Amino acid sequence: MAIRNIREMGDSVLNKVCKEVKEMNGRTMDLIDDMFDTMYEADGVGLAAPQVGILKRIFVVDTTGEDPMVFINPEIIETDGEQRGYEGCLSVPGKSGMVTRPNYVKVRALDENLEEFELEAEELLARAILHENDHLDGHLYVERVEGELVNNSDLMAQEEEE
Ligand code: NI
């Protein structure tokens with residue numbers, strides 16, 4: 001297990017479409033382990049393989065710190081509702097932006113044993129899944145931001161005032 005280098009906006013690897021995973025092997029298992037380590041080390045709630053420079057359709061999510069989930073070759077099969085809120089990304093450090101997304105998502109994916117599962121999610125988990133899924137097609141949340149990106153330090157000061 002190891003911490004990998006997180007690629008930042010401007011690195012062209014973040015704008016590429018990732019390839020499907022066809023088989024599980026030691027390299028890919030190590031990648032998944034490292035993605036969790038890297039995400040937790042950076043205090044993130046999600047991380048996609050291209051963020052560590054690997055163009056595979058894999059992302060990991062943990063919105064509570066106790067629910068590690070891996071999604072391989074995910075497909076969004078249903079969305080509903082709307083949520084609006086500040087979103088950030090480990091590839092865009094120190095910044096946040098207002099993004100509207102569906103409030104509900106149903107996703108189908110493979111787990112680390114390449115067994116298919118479906119998951120329904122709402123609110124933060126839905127947002128995280130949709131955000132990470134965008135990474136697999138080379139998209140960053142900044143493309144969806146309403147208005148300007150803000151500095152997280154300004155956002156925290158603003159929240160304290162409210
Ligand atoms: Ni991200």
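This report walks through the fold of one protein, from its overall size to a few single residues.

**Overall build**

The model is predicted. The protein has 3 helices and 8 strands. Read from the N terminus, the elements follow the order α-β-β-β-β-β-β-β-α-β-α. The C-alpha atoms fill a box of roughly 50 × 35 × 30 Å along the principal axes. The radius of gyration is 15 Å. That agrees with a compact globule, because a globule of 162 residues would have a value near 15 Å. Of the 162 residues, 43% count as buried. Contacts often link distant parts of the sequence: among those between residues at least 6 apart, 65% join residues at least 24 apart.

**The sheet of five strands**

Strands of a sheet pair through backbone hydrogen bonds, and the pairing can be parallel or antiparallel. One open sheet here has 5 strands in the order β1-β2-β3-β6-β7, and its pairing is antiparallel. Which strands stand at its edges? They are β1 (46-48) and β7 (116-122). Each has a single partner strand, so one side of each is left without a neighbour in the sheet. From one strand to the next, the twist averages 35°.

Strand β6 (residues 104-110) pairs with β7 over 7 bridges, in the antiparallel sense. Within this pair, Arg 108 has Glu 118 of β7 as its bridge partner. Helix α1 (residues 26-41) lies across β1, β2 (58-61) and β3. The helix runs at about 40° to β2.

**The sheet of three strands**

A second open sheet is formed by 3 strands in the order β4-β5-β8, again with antiparallel pairing. Its edge strands are β4 (83-87) and β8 (146-151), and each pairs on one side only. Neighbouring strands are turned by 25° against each other on average, direction ignored. Strand β5 (residues 95-101) is joined to β8 by 3 bridges. Lys 95 has Asn 151 in β8 as its bridge partner.

Two helices pack on this sheet. Helix α2 (residues 123-136) touches β4 and β5, and its direction makes about 65° with that of β4. Helix α3 (residues 152-161) touches β4, β5 and β8, and its direction makes about 95° with that of β8.

The table sets out the helices and the angles they make with strands.

| Helix | Strands touched | Angle |
|---|---|---|
| α1 (residues 26-41) | β1, β2 and β3 | about 40° to β2 |
| α2 (residues 123-136) | β4 and β5 | about 65° with β4 |
| α3 (residues 152-161) | β4, β5 and β8 | about 95° with β8 |

**Asn 73 close up**

Asn 73 sits in strand β3 (residues 69-80). Is Asn 73 buried or exposed? Asn 73 is buried, because its relative accessible area is 12% and the cut-off for buried is under 20%. A polar atom of its side chain lies 2.8 Å from the backbone nitrogen of Val 21. Leaving out residues up to four places away in sequence, Asn 73 touches Glu 20, Val 21, Arg 57, Arg 108, Ala 109 and Leu 110.

**The cysteines**

A disulfide is a covalent bond between the sulfur atoms of two cysteines. How many disulfides does a search of the whole structure find? The search finds 0. Why does Cys 18 form no bond with Cys 89? The cysteine sulfur closest to that of Cys 18 is in Cys 89, but it is 13 Å away, too far for a bond. Cys 18 is buried, at 6% relative accessible area. Cys 89 also counts as buried, at 9% relative accessibility.

Notes: Residues numbered from 1 in each chain as written. Predicted model: local features only at pLDDT ≥ 70, side-chain atom pairs only at ≥ 80, totals over all residues. Heavy atoms only, no water. Disulfide = S-S within 2.5 Å. Buried < 20%, exposed > 50% of the residue type's maximum accessible area, 1.4 Å probe, protein only. Pairing = 2+ DSSP bridges. Helix = DSSP H or I, 4+ residues; strand = E, 2+ residues; numbered from the N terminus. Axes fitted to C-alpha atoms, helices over the stretch in contact; angles between N-to-C directions. Contact = heavy atoms within 4.5 Å. Polar contact = N/O pair within 3.5 Å; in protein donor to acceptor, adjacent residues only side chain to side chain. Rg over C-alpha atoms; globule rule 2.2 N^0.38 Å.
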